[in-house]
Amino acid sequence: MKIGFIGLGIMGKPMAKNLLKAGYELVVTNRSKSSVDELVSSGALGVSTAKEVAQSCDVIITMLPNSPQVKEVVLGKDGVIDGIKARSIVIDMSSIAPLVSQSIAQELAKKDVEFLDAPVSGGEPKAIDGTLSIMVGGKKEIFDKCYDILLSMAGSVVYTGKVGAGNTTKLANQVIVALNIAGMCEALVLATKAGVEPNLVYEAIRGGLAGSTVLDAKAPLAMDRKFDPGFKINLHIKDLQNALDTAHEIGAPVHLTASVMEIMQAMKAEGEDHLDHGALIRYYERLAKVEVKR
């Protein structure tokens, strides 16, 4: 099966490479030509527009920053919709607003094209080693048809319901991750301010109920002062904005999410939104006038 892949950024490039490793024929395009050249050197065919990708592929995957970019690439001039064939499938693996996923699906349906929203979790390391968690919304029979494609990039692929359910699940994921990170930051700053070694606190609590994947992934990096992005704060701001917008649309309370969003906005105001979201600890450190380190 020939697959199109649009969007070769931090996440998209390694995901596309894993499709090639799995033996799929790949047609790619990206705003940055250097990423296209890199994929071409690995065996993909590079083209200039999303329209060209759609003309030659039965399954088209998009991995883009946010809702406006997905709408532009899929529905805009020289976009996927201009070149796509009936009975093709578009899989959007970006993290966008669920209502936008549903509106794109409705437009593609007019051309007899199926749509899955399939955002991912795991960040760049899991994109590289092909162990992402993928949450998928759309028709179950289309999910089943595309399962093996998705599994070649993932350690977990879960069907979550109709179109939009994948991105709703991703928003829930991002809310939980953000609150976990904020809680970790508060706790380690509290321990440090109280004169207790934060690494000893971490080792003591990680095996109990407070332990989590987030704690194990972010606490050691924070204590080692390593804030190079696995997942940038500005991207998490985007996800939390989508969560807040969706929550307001449907009438769901998200008080804690709003609080963490304000902390991230404060980081942005300090010019730190290019850092990993684990760098939220700097916000608390500035207020407490301590530094959390081993």
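In the predicted model, the side chains of His277 and Lys218 are joined by a polar contact of 3.3 Å. His277 is situated in the loop that runs between α13 (255-269) and α14 (281-288). Its relative accessibility is 6%, under the 20% limit, and His277 is therefore classed as buried. Apart from neighbours within four places in sequence, the residues in contact with His277 are Val177, Ile181, Lys218, Phe231, Ile233 and His236.

Three of these partners lead to a pair of packed helices: Val177 and Ile181 belong to the α9 side of the contact between α9 and α11, and Lys218 belongs to the α11 side. Helix α9 comprises residues 165-193 and helix α11 residues 213-223; the two pack with their axes 10 Å apart and at an angle of about 55 degrees. Because this angle falls between the roughly parallel range, under 35 degrees, and the roughly perpendicular range, 65 to 115 degrees, α9 is oblique to α11. The crossing of α9 past α11 is right-handed. On the α9 side, the contact is formed by Val177, Asn180, Ile181, Met184 and Leu188, while α11 contributes Val214, Leu215, Lys218 and Ala219. By residue class, the contact of α9 with α11 consists of 7 nonpolar residues, 1 polar residue and 1 charged residue. The charged residue is Lys218, whose side chain also makes the polar contact with the side chain of His277.

A second lysine, Lys238, is located in helix α12, which spans residues 233-250. Lys238 has a relative accessibility of 14%, and because this value is under 20%, Lys238 counts as buried. The side chain of Lys238 forms a polar contact of 3.0 Å with the side chain of Asp239. When neighbours within four places in sequence are set aside, Lys238 is in contact with Pro65, Asn66 and Ser95. Helix α12 also includes Ile233 and His236 within its range, and both of these residues are in contact with His277.

Another buried position is found in strand β2 (residues 25-29), where Thr29 is placed. With a relative accessibility of 5%, Thr29 is under the 20% cut-off and so counts as buried. A polar atom of the Thr29 side chain lies 3.3 Å from the backbone oxygen of Ser48. Ser48 is also one of the residues in contact with Thr29 once neighbours within four places in sequence are excluded; the others are Phe5, Ile6, Gly7, Leu8, Val36, Val47, Thr49, Ala50 and Val53. The C-alpha atom of Thr29 is separated by 32 Å from that of Gly278, a residue 249 positions away along the chain.

Two residues that are not glycine adopt positive phi values. For Asp78, phi is about 60 degrees. Asp78 is part of the loop between α4 (67-75) and α5 (80-83). Its relative accessible area of 31% lies between the limits of 20% and 50%, so Asp78 is partly exposed. For Arg87, phi is about 70 degrees. Arg87 occupies the loop connecting α5 with β5 (89-92). At 67%, the relative accessibility of Arg87 is over 50%, and Arg87 therefore counts as exposed.

Conventions. Residues numbered from 1 in each chain as written. Predicted model: local features only at pLDDT ≥ 70, side-chain atom pairs only at ≥ 80, totals over all residues. Heavy atoms only, no water. Helix = DSSP H or I, 4+ residues; strand = E, 2+ residues; numbered from the N terminus. Buried < 20%, exposed > 50% of the residue type's maximum accessible area, 1.4 Å probe, protein only. Polar contact = N/O pair within 3.5 Å; in protein donor to acceptor, adjacent residues only side chain to side chain. Contact = heavy atoms within 4.5 Å. Axes fitted to C-alpha atoms, helices over the stretch in contact; angles between N-to-C directions. Parallel < 35°, antiparallel > 145°, perpendicular 65-115°, else oblique. Left-handed = near helix turned anticlockwise from the far one by under 90°.
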